[in-house]
Amino acid sequence: MTLKRVAFVTPGSFVIPSPGASSVERVIEYLAPRLDRRRFEPRIYGRTGRGVSRVGSLGGVRIERFPAADKGAYVRAVGRAMAKFRPSLIQVENRPLYVLRLRRRFPRTKIWLSLQSKTFIGKRYIGRAALKRSLAAADRVLVNSDWLRRTVAARCPEAAGKLRVVHLGVDTERFRPPWDSGCDERRRRLREARGWTDRTVVLFIGRLIPRKGAHHLLAILPKLAEAHPDVLLVIVGSPFYGSHRETAYSRRLKRMARGMKRHAVFVPYVPYTKVPDWFLAADIAVVPSKPGEAFGLVNVEAMASGLPVVASRVGGIVEVVEDGVTGDLVDPANMEAELLARIGELARDPELRRRMGAAGRKRVEERFTWDRTAEAWMELVERE
């Protein structure tokens with residue numbers, strides 16, 4: 001059997017692997033090492049960074065890194081390196097314009113574009129004509145949800161036939177529920193160390209930017225705390241990946257929490273390696289995103305950790321969270337009232353939390369593991 005050489009071209013935004021990377025890099029960190037080496041020889045191309053060598057390895061997959069301050073120079077350097085590798089398939093991560101640049105260099109090589117959000121098909125990043133050319137230059141366009149498939153098809157109908165959905169996953173060995181062996185004791189120690197022993201912990205993990213919706217939680221907190229005095233809202237995150245820098249919005253969130261110190265805690269950005277412990281120690285996960293969320297890895301991470309999820313009924317989230325079974329979906333047009341009702345219901349009913357958490361873990365194991373993501377990806381390649 002001839003090995004298929006596959007080149008994964010990351011956007012050049014973050015070093016890979018890195019605890020400070022975005023979900024785009026994280027997808028490749030988990031996908032590439034899971035490919036069957038009897039059938040595929042993957043290679044990852046990314047940016048240079050402090051503390052990493054120009055050539056590295058991730059799970060046995062070679063990584064080649066290049067300076068990325070100038071995106072044009074970055075793509076050219078990646079192209080020169082790939083010419084030596086001679087891939088049979090190039091997959092560009094989340095940057096449609098890179099497809100055009102690489103197509104000129106590799107006119108006969110299959111090039112796939114993998115989109116993780118609608119950001120880089122939006123008008124602020126790319127005009128309609130350039131988007132049409134980029135998608136025309138791609139042989140296949142992968143998206144992480146059916147919602148994103150419909151969104152791309154609406155913006156560029158000519159590409160509809162090229163679109164394929166590959167859902168994302170979660171590492172179920174790292175994100176584990178309290179009932180797994182040893183996790184209950186770890187949860188007890190974590191909660192004790194943080195002073196959460198007698199609290200019902202409502203957890204938000206994500207970037208502190210308006211579209212992630214943390215302000216909705218702070219808006220309802222006074223009423224929530226009045227009805228449930230043991231509730232503690234824990235907000236984990238910062239405005240930027242891998243940074244503690246503040247913005248006007250993040251400062252506004254902290255102003256909203258004034259006078260609620262017993263019920264609100266802010267935890268600055270934490271490395272991804274530490275994220276599982278925050279889920280393990282919590283009771284309820286909340287994802288109050290605005291419309292436009294393509295998938296939301298935080299949803300499957302919370303479900304894998306045995307938490308019920310209260311999330312917006314938007315975008316690809318509806319394909320992940322099963323309303324009334326693994327959590328609750330709330331109407332963004334009535335966000336705060338529904339958040340208050342659904343979180344309140346879960347706060348007063350530990351058995352409901354347990355039941356939904358168990359259903360969420362089961363759903364993840366059946367549909368949203370990285371092994372399943374890799375299997376779906378390999379099946380697509382083999383059908384080509």
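Q: Which helices and strands each supply at least two residues of the lining of the largest cavity?
A: Let's start inside this predicted model. The largest cavity holds about 90 Å³ of space, and 13 residues line it. The elements that each supply at least two residues of that lining are α1 (23-31), β6 (110-115), β7 (140-143) and α13 (370-383).

Q: How many charged residues does the lining of the largest cavity have?
A: Nearest the centre of the largest cavity lie Val27, Ser114, Gln116, Leu142 and Val166. Sorted by class, the lining has eight nonpolar and five polar residues. The number of charged residues in this lining is therefore what remains to be named, and with Val, Leu, Ile and their like counted as nonpolar and Asp, Glu, Lys and Arg as charged, the count of charged residues is none.

Q: Which helix gives the largest share of the lining of the second largest cavity?
A: The model has two cavities of 30 Å³ or more, and the second largest has a volume of about 30 Å³. Its lining is made up of Val202, Leu217, Ile220, Leu221, Leu224, Leu233 and Ile343, and by class these are seven nonpolar residues, with no polar and no charged ones. Four of the lining residues come from one helix, α7 (residues 214-227).

Q: Why do the buried residues of α13 line one face of the helix?
A: Helix α13 has buried residues at Trp370, Thr373, Ala374, Trp377, Met378, Leu380 and Val381. An α-helix has 3.6 residues a turn, so residues three or four places apart point the same way. Looking down the axis of α13, the buried residues line one face because they fall within an arc of 155 degrees.

Q: What distance does α13 reach from its first C-alpha to its last?
A: Helix α13 has 14 residues. At 1.5 Å a residue, a span of 20 Å is expected. The model comes close to that, with a reach of 20 Å.

Q: Which residues of strand β3 point to the buried face?
A: Strand β3 covers residues 55-58, and its side chains alternate between two faces. Val55 and Ser57 point to one face and are not buried. The other face has the buried residues, Gly56 and Leu58.

Q: Which residue in the hairpin of β3 and β4 takes a positive phi?
A: Strands β3 and β4 (residues 61-66) pair in the antiparallel sense over four bridges, and Gly56 stands opposite Ile63 in β4. The hairpin has two residues between the strands. With a positive phi near 60 degrees, the residue is Gly59.

How values were computed:
Residues are numbered from 1 along each chain as its sequence is written. This is a predicted model: local features need pLDDT of at least 70, side-chain atom pairs count only at pLDDT 80 or more; totals for chains, interfaces and linings use all residues. Side-chain values use heavy atoms; hydrogens and water are left out. Buried means under 20% relative accessible area, exposed over 50%, partly exposed in between (1.4 Å probe, protein chains only). Two strands pair if DSSP finds at least two bridges between them. On a 1 Å grid over the protein atoms alone, a cavity is a set of points where a 1.4 Å probe fits but cannot get out, and a pocket is an open set with protein on both sides within 12 Å along at least five of seven lines; lining residues have an atom within 4 Å of a point. Grid points are joined across faces, edges and corners, and a volume is the space filled by probe spheres set on the points. The expected span of a helix is 1.5 Å times one less than its number of residues. The arc is that of the directions from the helix axis to the C-beta atoms.
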